[in-house]
There are 2 protein chains.
Amino acid sequence: MEILVPFDAIDPKTRLSPRLDDDQRALLARAMCRDVIAAIRATGREPTVLSTGPVEFDAPTRIDERPLSTAVNDRLEDSDESVAVVMADLPLATPDALRRVFDASGDVVLVAGRGGGTNVVLARHPSFRVDYHGVSIRDHRQQARDLDLTEVDSARLATDIDEPDDLVEVLLHSDGVAASVLREFGFEVVADGGRVRAERTR
Amino acid sequence: MEILVPFDAIDPKTRLSPRLDDDQRALLARAMCRDVIAAIRATGREPTVLSTGPVEFDAPTRIDERPLSTAVNDRLEDSDESVAVVMADLPLATPDALRRVFDASGDVVLVAGRGGGTNVVLARHPSFRVDYHGVSIRDHRQQARDLDLTEVDSARLATDIDEPDDLVEVLLHSDGVAASVLREFGFEVVADGGRVRAERTR
């Protein structure tokens, strides 16, 4: 199985800009990707980072400047093994959660992300292609309608870190590099009667 | 196993008031609870609704006007079997997801909710008590530190419907009563380049 981890090396995590400056967003994005790489490796498999630009990860890297769906579909077309695509912004990912995907049966295995995204795709059928634009989980289900489709129900893999509200999930459910980075930035879990959230307390 | 579904009969789902009026919130809350009851029944078990006031569900109901934690802890103390507490605002719950909880080993089985909550508790040890205030998943982990604790990783059970942003998850991942009610209210999945969300289109 080929496992791709797409990474935006140019301007990652823009929706976090209300809370993190450019350098911090870049640091957090790399930290999250490291957590994902480590979780995949702990399942005994080796990921390839599919990056839009030069990056330094301790993992094989393929640079492809094209849009995400194009770059992934190119691999789906060319690869002669099954291909898994695991998003790089899933710092809650654990080996157990990933194993549930890798071990699932089906021509296509999907894990929905919060807000209609598709956080993990495992394609074992040559006809399947991705389209990450819009409500991708709906489109991917539709595309797999004549195939044997399995969906894996995982909160850890559904939790992509896109917006300020997502940050608290990292602090609550991970001890990885991303959680350390957020703590170094001064974030803590705050519960003062309203919604529980990650706030800078220093 | 005694399975409790706590229901707020007085003023449910207040954080949805920016998008739903009082009657609609009450309708949606009852619809979500019906979905939860149906999913539990499909596992072959019978839930009891633990309600703060009179309600008409097709299920045994126990009325307890006290705060949620007090009412639940009263049952934990009195029951001579294991007790599961499944929140009523989990319309994405499926029999499969619930079976993963009911079949899990451990003195205590927890499912975290988004934002630090605890959406399902299964207590098989007489010393365990709940405290739903604040960051409850953290407190429940702490309380179970000397017990055999299992956490079940489920996006379906992690997705409690509290805020307007949560509504789209119902439309995307459920075909139950709550999804029908939202569609009757005029909600549809909208993706116009920004975040995917549920909007009223009529």
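Me: What makes the sheet of chain A "open", and in what order do its strands come?

Reply: This is a predicted model, and in it seven strands of chain A line up as S3-S2-S1-S4-S6-S5-S7, with mixed pairing. Look at the ends of that row: strand S3 (61-63) and strand S7 (149-151) of chain A are at the edges and have a single partner strand each, so one side of each has no neighbour in the sheet. Going from one strand to the next, the twist averages 20°.

Me: How do you know that S2 and S3 of chain A count as a pair, and which way do they run?

Reply: Count the bridges. Two strands pair if there are at least two bridges between them, and strand S2 (residues 47-51) of chain A has three bridges to S3(A), so they pass. The two strands run parallel. To spot one bridge yourself, find A:Leu50, whose partner in S3(A) is A:Arg62.

Me: What pairs with S1(A), and over how many bridges?

Reply: S1(A) has three bridges to S4(A), running parallel, and five bridges to S2(A), again in the parallel sense. Both counts meet the minimum of two bridges, so both are pairs. On the S4(A) side, A:Leu4 stands opposite A:Val85. On the S2(A) side, A:Ile3 has A:Pro47 as its bridge partner.

Me: Why is S1(A) called largely enclosed?

Reply: The cut-off for "buried" is under 20% relative accessible area. Six of the six residues of S1(A) are buried, so the rest of the structure largely encloses this strand. Check each face as well: A:Glu2, A:Leu4 and A:Pro6 are buried on one side, and A:Ile3, A:Val5 and A:Phe7 are buried on the other.

Me: How do you know that helix H1 of chain A has the span expected for its number of residues?

Reply: Set two values side by side. H1 (residues 22-41) of chain A has 20 residues and reaches 29 Å from first C-alpha to last, which is close to the 28 Å expected at 1.5 Å a residue.

Me: What makes A:Asp21 a cap for H1(A)?

Reply: A side-chain oxygen of A:Asp21 lies 3.1 Å from the backbone nitrogen of A:Asp23, at the N-terminal end of the helix. A polar contact needs an N or O pair within 3.5 Å, so this distance qualifies.

Me: Where does H1(A) lie on the sheet, and which of its residues are buried?

Reply: H1(A) lies across strand S1 (2-7), S2 and strand S4 (83-86) of chain A, and it runs at about 170° to S1(A). Its buried residues include A:Leu28, A:Met32, A:Val36 and A:Ile40. An α-helix has 3.6 residues a turn, so residues three or four places apart point the same way.

Me: What do the buried residues of H2(A) pack against?

Reply: They pack against S1, S2, S3, S4 and S6 of chain A. In this helix (residues 68-78), the buried residues are A:Ser69, A:Ala71, A:Val72, A:Asn73, A:Arg75 and A:Leu76.

Me: Why is B:Ser17 called partly exposed?

Reply: Buried stops at 20% and exposed starts over 50%. B:Ser17 has 41% relative accessibility, which falls between those limits, so it counts as partly exposed. You'll find B:Ser17 in the loop between strand S1 (2-7) and helix H1 (22-41) of chain B.

Me: What is the polar partner of the B:Ser17 side chain, and how do you know that it counts?

Reply: The backbone oxygen of B:Thr14 lies 2.6 Å from a polar atom of the B:Ser17 side chain. With a limit of 3.5 Å, that distance counts as a polar contact. B:Ser17 also sits 8.6 Å from B:Glu163, C-alpha to C-alpha, though 146 residues separate them in sequence.

Me: Why is the relation between chains A and B called a two-fold axis?

Reply: Start with the superposition: a rotation of 180°, with 0.0 Å of shift along its axis, puts chain A on chain B with an RMSD of 0.0 Å. That is how a two-fold axis relates two copies. In chain A, the C-alpha nearest the axis belongs to A:Ala155, 1.9 Å away from it. Both copies use the same surface, as 100% of the contact residues of chain A recur in chain B.

Conventions. Residues numbered from 1 in each chain as written. Chains lettered and ligands numbered in written order. Predicted model: local features only at pLDDT ≥ 70, side-chain atom pairs only at ≥ 80, totals over all residues. Heavy atoms only, no water. Helix = DSSP H or I, 4+ residues; strand = E, 2+ residues; numbered from the N terminus. Expected span 1.5 Å × (residues − 1). Buried < 20%, exposed > 50% of the residue type's maximum accessible area, 1.4 Å probe, protein only. Polar contact = N/O pair within 3.5 Å; in protein donor to acceptor, adjacent residues only side chain to side chain. Axes fitted to C-alpha atoms, helices over the stretch in contact; angles between N-to-C directions. Contact = heavy atoms within 4.5 Å. Least-squares fit on C-alpha atoms with pLDDT ≥ 70 in both.
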